[in-house]
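Welcome! Please take a moment to look over the sequence and the model before reading on.

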Amino acid sequence: MSPTIDTKTPAVHHDLPTPDPESPTRTRQPYKLSTLCVAVENPSMKDQYGSSSVPIYQSATFKGVGNEYDYSRSGNPTRSHLEHHIAKISSAARAFAVSSGMAALDVILRLLRPGDEIIAGDDLYGGTNRLLTFIRTHVGVTVHHVDTTDPNAVIPFIHPTKTAMVLLESPTNPLLKIADLALISKEVKERAPNAIVVVDNTMMSPYLQRPLEHGADIVYDSATKYLSGHHDLMAGMITCNRDDLAKQIAFTINSVGNALTPIDCFLLLRGVKTMAVRMDRQQATSQLVATYLHSLGFKVHYPGLPDHPGREIHQRISDGNGAVLSFETGDKELSEKIVGSTRLWGISVSFGCVNSLISMPCVMSHASIDPAIRAARGLPEDLIRLCVGIEDSSDLLDDLEHALVDAGAIALSAQQNKYVRVPPGHAALNKAVEQLAIGSSNSRGVEHEWFVSAPGKVILFGEHAVVHGVTAIAASVDLRCYGLTTPRNDGKLSAHFNDINDFQAEWDIESLPWGASAPLGHHERHPEDLDQQLIEAIHAGPLRELGPDKDQARNAALAFLYMYIKLTSAERPSVHFDVRATLPVGAGLGSSASFSTCAATALLLLSHRVTLPSIPPPISAEHLHLSHHGRHALEKHNAEEANHWAFIAEKILHGNPSGVDNSVAVFGGALTYNRPGFGKPSGMESIQGFGSLRFLLTNSKVPRDTKKLVAGVGLMKQEQPEVVGSILDSIENISAQAKRSLADSTEFGRENLLRDLSVMISENHKHLVSLGVSHPSLEVIREKTAAPPYNLSTKLTGAGGGGCAVTLIPDDFSDTSMKDLLSELTECGFDPYFTSVGGSGLGILSPYPEHRNTSAKDIHPGQVTPPETPDEANTTDPGDSIKASFETKSLSELTGWAQNLGKWLYV
């Protein structure tokens, strides 16, 4: 049944007066100021219709004789509502609404008479200073400008009879100086009882500061600012607690006719309702902005900072720090560039609205003050004022940081991985040097951040046999290694191998054993044999402190330093090299080759031996160059150079590698490989038409020595050449059949392919067992996967002796079975990875801004916006620095995050 309202019974009207914040008689606690801002009711002015919003009495005249209202210049119901409300939240007995903040000051200054003296601050709003200059010149009032932050500087100017007014701002605009309102008011009252203490409270608003509570006689606000909050009206408010002053103010307003219009009173009432929530948001963001600028080394003026000279006083007399701050750059031209470089911060005078504003007071709001006077009062010409709005704080900080970077005020510190302030006077030079570096082929690599990746591999057939001339078939896996070079430019070289004993080291570049190596020409190839003299020098020099417990890290660092010295003897770039991998290290999945490929490619990019083609202009708006929009964007000669040096690194790591691992890491997909020197065609051949296959890769977590295992098979061949020869021939036949099946998979049929591969995997494993390279842990994995209900085929991969096993997963293998198998293997202490094979090879994150995903950036502690990578030749703004994110992403997030950074260029 629907509810009904009895319209015949008179409604009970509850006269609920608006509570006084200091009322001692209320049975409940006084309302908080934020609540009072919203509660605009005036008990003495009930609306006849009970409207929830104060009506707009848009009328110039009112009928009748002897009523409260007759002419809107003298009084208006909407204005009365507003004045009652402002008085309530300002701890005032009376309030008056006028047409602007300067109109409010004009009304107040009309209390002065010729011969009076006024004491005012030396850091005032420009309009205030202009009006004071006028009355000094035309009214005969003496004006003393003093530093009101020091009460002792005020006292000497207080005259018992001549001082008629003391005009204060706290905080001041724009230097945010703090005046002790309570102490100065006390001193004035004691020394000049008839003097009026006036406070411009615009910077704080009644929400954050109520000077009447601290002894002020009159307070005024430019209500255009925080009281309104939207910059859609002009208004001023005057409040006081003295009847004599209130009568004089009311008389002046009525006489000159500058009272606020009804419509503006309505808008201002509406704005006041949201003042608390606006200012809470604004001053919270202001604190973040001030802290950020302070951390960069700028001189920041904001009472919320711990080192602000007036912080203790401000905290005593105010309830917050406000939403205006200013900072100095040390260079006026630099400041102009910063202001002009912002996008979200609007360039405008005034403050207090929901939109953030930026300005240079000396050329805008305070331009009317003579430059000599500005200098005498300590107002810096380079000062930038920020008026913080309600936008998202991260967006405001991001826009400000971009402006600082664009202007050259801050620059990237590779050591700290964040922006730091460029010393004053060096900004222009810094930008010029940066531009020179961008366009210089000799220094370009030093400034560039390169992000590379390479896949792991699984040898499907032919491991170990490939060393002895048998065809090996390998494919890339969807588990990758990632390498990142970040500029340091401090004469140091550093590296962090996250997955190799968490190895971290730093070396002085000039102390590296450059003299132990003959430099290679830019187009000169590394000879087949390693430079043993250089290897010994690296061991004896930069790696001398690495003990036997750090063999893996020592070998990886040796390979990196060896290639660095060989490749970059001319440039000697100061960089940090960071490596992470999603594939297990030491499990036979080509982690070392993936590492070698990343390290080699990064150093080739730094030494300009590998270059990326520039993006040509499109033939037409509709016809783009597909070579730069498809996956295969790295040219073959660059890939071959990367593969050559990755193989050099593999030699350092393994002694006598087959070359198949690094080839897969560079070229990806699936390929066959034959080593040279066995009287038959050698080299690599891609398997065209290779379809994606699903595999389970299970890491036994048993370490193995690849060099020892390879040497063992070699010794067995010497001792039993016929036996080993027969095994190798059998493996060769399996590889040949597998190659044909994989290349013709479409015609051969998917079901037949999977069946035959399953048989060949089992046969290949048996031969590897015969060569003595399996391990009990691998046999356990093989038994688990072969047992019902799984019935899968498994073989070891890589060097064996532990490491990893690979299991072919048919297309119809259920998710439930996979979940059970993964659980079973994990319970046995193994690490299984369900993946696919045959994906992309070597990849380089494109440096071109057209290819970068700017929405993928993260923000980290101590860094507002990730720093921008300097440009490659013919490019601009190549993207954000990714070092912080790269180091902190979890392994499960790493691949997706890397792909989302932008376009990757693959072989």
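This report looks at a pocket, some salt bridges, a helix and a single serine in what is a predicted model.

## The largest pocket

A good place to begin is the largest pocket, which has a volume of about 1,100 Å³. Its lining is made up of 49 residues, and the closest to the pocket's centre are Gly586, Ser592, His654, Arg704 and Thr706. If you would like to find the pocket in the 3D view, those five residues will take you to its centre.

Several helices and strands supply at least two residues each to this lining. Among them are strand 15 (450–461) and strand 19 (575–581). The helices that do so include helix 19 (591–606), helix 20 (636–654), helix 21 (660–667) and helix 22 (706–719). Which helix gives the most to the lining? That is helix 18, with four residues, and you can find helix 18 at positions 551–567. Sorted by class, the lining holds 21 nonpolar residues, 17 polar ones and 11 charged ones.

## Salt bridges

Side chains of opposite charge can pair when their charged atoms come close. How many salt bridges does a search of the whole structure find? The search finds 27, and three of these pairs are described here.

Take Lys739 and Glu685, whose side chains meet in a salt bridge at 3.0 Å, N to O. Lys739 belongs to helix 23 (residues 721–743) and Glu685 to strand 21 (residues 683–686), so this pair ties together parts that lie 54 residues apart in sequence. Both partners are partly exposed: Lys739 has a relative accessibility of 27%, and Glu685 has one of 42%.

Another salt bridge links Asp508 with Lys492, where the closest N and O atoms are 3.9 Å apart. Here the pair ties together parts that are 16 residues apart in sequence, because Asp508 sits in strand 18 (residues 503–508) and Lys492 in strand 17 (residues 492–497). Are these two partners buried or partly exposed? Asp508 counts as partly exposed at 34% relative accessibility, and Lys492 counts as partly exposed at 28%.

## A salt-bridge network

Some salt bridges share partners, and in this way Lys189, Asp217, Arg242 and Asp244 are joined into one network. Within it, the side chains of Asp244 and Arg242 meet at 2.8 Å, N to O. Asp244 is partly exposed, with a relative accessible area of 37%, and Arg242 is partly exposed too, at 28%.

## One side of helix 6

Next, look at helix 6 (residues 181–191), where the buried residues are Leu181, Ile184, Ser185, Glu187 and Val188. Why do they fall on the same side of helix 6? They cover an arc of only 165° around the axis, which places them together on that side.

What do these buried residues pack against? Their partners are helix 5 (151–154), strand 4 (163–169), strand 5 (196–200) and helix 11 (311–317).

## A buried serine

The last stop is Ser663, which is found in helix 21. This helix is also one of those that supply at least two residues to the lining of the largest pocket. Is Ser663 buried or exposed? Its relative accessible area is 2%, so Ser663 is buried.

Leaving aside residues up to four places away in sequence, Ser663 touches Asn643, Gly668, Leu671, Tyr673 and Met684.

Definitions and conventions: Residues numbered from 1 in each chain as written. Predicted model: local features only at pLDDT ≥ 70, side-chain atom pairs only at ≥ 80, totals over all residues. Heavy atoms only, no water. 1 Å grid on protein atoms, 1.4 Å probe; cavity = no way out; pocket = protein on both sides within 12 Å on 5 of 7 lines; lining within 4 Å. Points joined across faces, edges and corners; volume = space filled by probe spheres on them. Nonpolar A, V, L, I, M, F, W, Y, C, P; charged D, E, K, R; others polar. Salt bridge = Lys/Arg side-chain N within 4 Å of Asp/Glu carboxyl O. Buried < 20%, exposed > 50% of the residue type's maximum accessible area, 1.4 Å probe, protein only. Arc of directions from axis to C-beta. Contact = heavy atoms within 4.5 Å.
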